[in-house]
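Please open the model in a viewer and keep the sequence panel visible. The tour below proposes a series of selections and describes what each one shows.

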Amino acid sequence: MAGWRNAGLASLLCLAIFIPPVFAQAPPTEKPVVPPAPPVRGPGPYVLIEMDRGKLTLELFPDVAPKTVARFTELVKKGFYNGMTFSRVMPRFLIQGGDLTGDGTGGSGQTIRAEFNDKKHQLGTVGMARLTRDPDSADSQFYICLEPQPFLDGKYTVFGQVVEGLDLLPKIQEGDVMKKVSLR
């Protein structure tokens with residue numbers, strides 16, 4: 001019986017020598033942050049925002065927010081956004097523009113009914129700002145996400161995506177002027 005015990009112990013000892021223990025492995029490291037792939041361009045239309053810091057190109061989504069895109073492009077054609085500032089910048093959240101007063105309270109005077117859709121709030125998502133308590137209060141103010149914001153999904157009208165100039169977004173500061181906003 002003692003021979004069997006010794007043979008069993010010897011077998012276990014051999015296994016322990018040749019199989020590295022799981023607990024001796026280094027703890028997993030955090031995955032490196034990989035920048036998102038550039039957005040795939042769709043049929044558009046496109047809007048170009050020119051600033052001193054550079055240019056942003058927005059692709060608009062008339063298939064999911066037709067009335068919002070129609071109103072936004074109407075304002076762009078009229079030159080409404082030319083010379084306006086980004087009046088709100090919240091790092092790691094969003095930048096916002098489209099306010100005549102520059103203090104976040106102004107607009108064009110014509111509200112747009114909400115067009116909630118399945119588009120997600122990701123880096124570069126363009127949506128319509130509105131009063132929290134009134135989903136149909138969007139006007140001319142729009143925002144651009146600086147990071148994914150899933151808690152906004154389905155609660156605000158997403159109507160576009162930045163397809164060029166994503167690297168510029170974190171550099172935008174409150175008061176930066178949209179010198180010229182045009183359709184492409």
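Two strands are said to pair if DSSP finds at least two bridges between them. With this in mind, note that the model is a predicted one, and begin with the sheet.

**The whole sheet**

Display the strands as ribbons. Nine of them are arranged as an open sheet of 9 strands, in the order S8-S3-S4-S6-S5-S7-S2-S1-S9, and the pairing is antiparallel. Which strands form the edges? The edge strands are S8 (177-178) and S9 (180-183), each of which pairs on one side only.

**Helix H2**

Next, select residues 66-77, which make up helix H2. This helix packs on the sheet and touches S1, S2, S5, S6, S7 and S9. The direction of H2 makes about 125° with that of S9.

**Strands S1 and S2**

Select residues 46-51 for S1 and residues 54-60 for S2; these two strands pair in the antiparallel sense over 6 bridges. To see one of the partnerships, pick Ile49, whose bridge partner in S2 is Leu56.

Remain in S2 and select Thr57, which is found in this strand. Is Thr57 buried or exposed? Its relative accessible area is 8%, so Thr57 counts as buried, since buried means under 20%. Now show its contacts, leaving aside the neighbours within four places in sequence: Thr57 touches Arg41, Tyr46, Val47, Leu48, Gln161, Val162, Val163 and Glu164.

**Strand S5 and its partners**

Move to S5, residues 125-128. Both faces of this strand are covered. Thr125 and Gly127 lie on one side, Val126 and Met128 on the other, and all are buried.

S5 pairs with S7 in the antiparallel sense over 3 bridges, and Gly127 stands opposite Val158 in S7. S5 also pairs with S6, again in the antiparallel sense and over 3 bridges. Select Gly127 once more: its bridge partner in S6 is Tyr143. For Met128, the bridge partner in S6 is Phe142.

**Strand S6**

Select S6, residues 142-145. How do its side chains point? Phe142 and Ile144 point one way and Tyr143 and Cys145 the other way, and all are buried. Add S4, residues 94-97, which pairs with S6 in the antiparallel sense over 4 bridges. Within this pair, Leu94 has Cys145 as its bridge partner.

**The loop after S6**

Follow the chain from S6 into the loop that leads to S7 (158-164), and select Pro148 in that loop. Is Pro148 buried or exposed? Its relative accessibility is 53%, so Pro148 counts as exposed, the cut-off being over 50%.

Then add His121, which is 27 residues apart from Pro148 along the chain. The C-alpha atoms of Pro148 and His121 are separated by 5.5 Å. Leaving aside its neighbours within four places in sequence, Pro148 is in contact with His121, Gln122 and Leu123.

**The largest pocket**

For the last stop, turn to the largest pocket, which has a volume of about 360 Å³. It is lined by 20 residues, and the closest to its centre are Gln96, Ala129, Arg130, Leu131 and Gln141. Select these five, then extend the selection to the rest of the lining. What kinds of residue make up the lining of the largest pocket? They divide into 7 nonpolar, 10 polar and 3 charged.

Note on methods. Residues numbered from 1 in each chain as written. Predicted model: local features only at pLDDT ≥ 70, side-chain atom pairs only at ≥ 80, totals over all residues. Heavy atoms only, no water. 1 Å grid on protein atoms, 1.4 Å probe; cavity = no way out; pocket = protein on both sides within 12 Å on 5 of 7 lines; lining within 4 Å. Points joined across faces, edges and corners; volume = space filled by probe spheres on them. Nonpolar A, V, L, I, M, F, W, Y, C, P; charged D, E, K, R; others polar. Buried < 20%, exposed > 50% of the residue type's maximum accessible area, 1.4 Å probe, protein only. Contact = heavy atoms within 4.5 Å. Axes fitted to C-alpha atoms, helices over the stretch in contact; angles between N-to-C directions.
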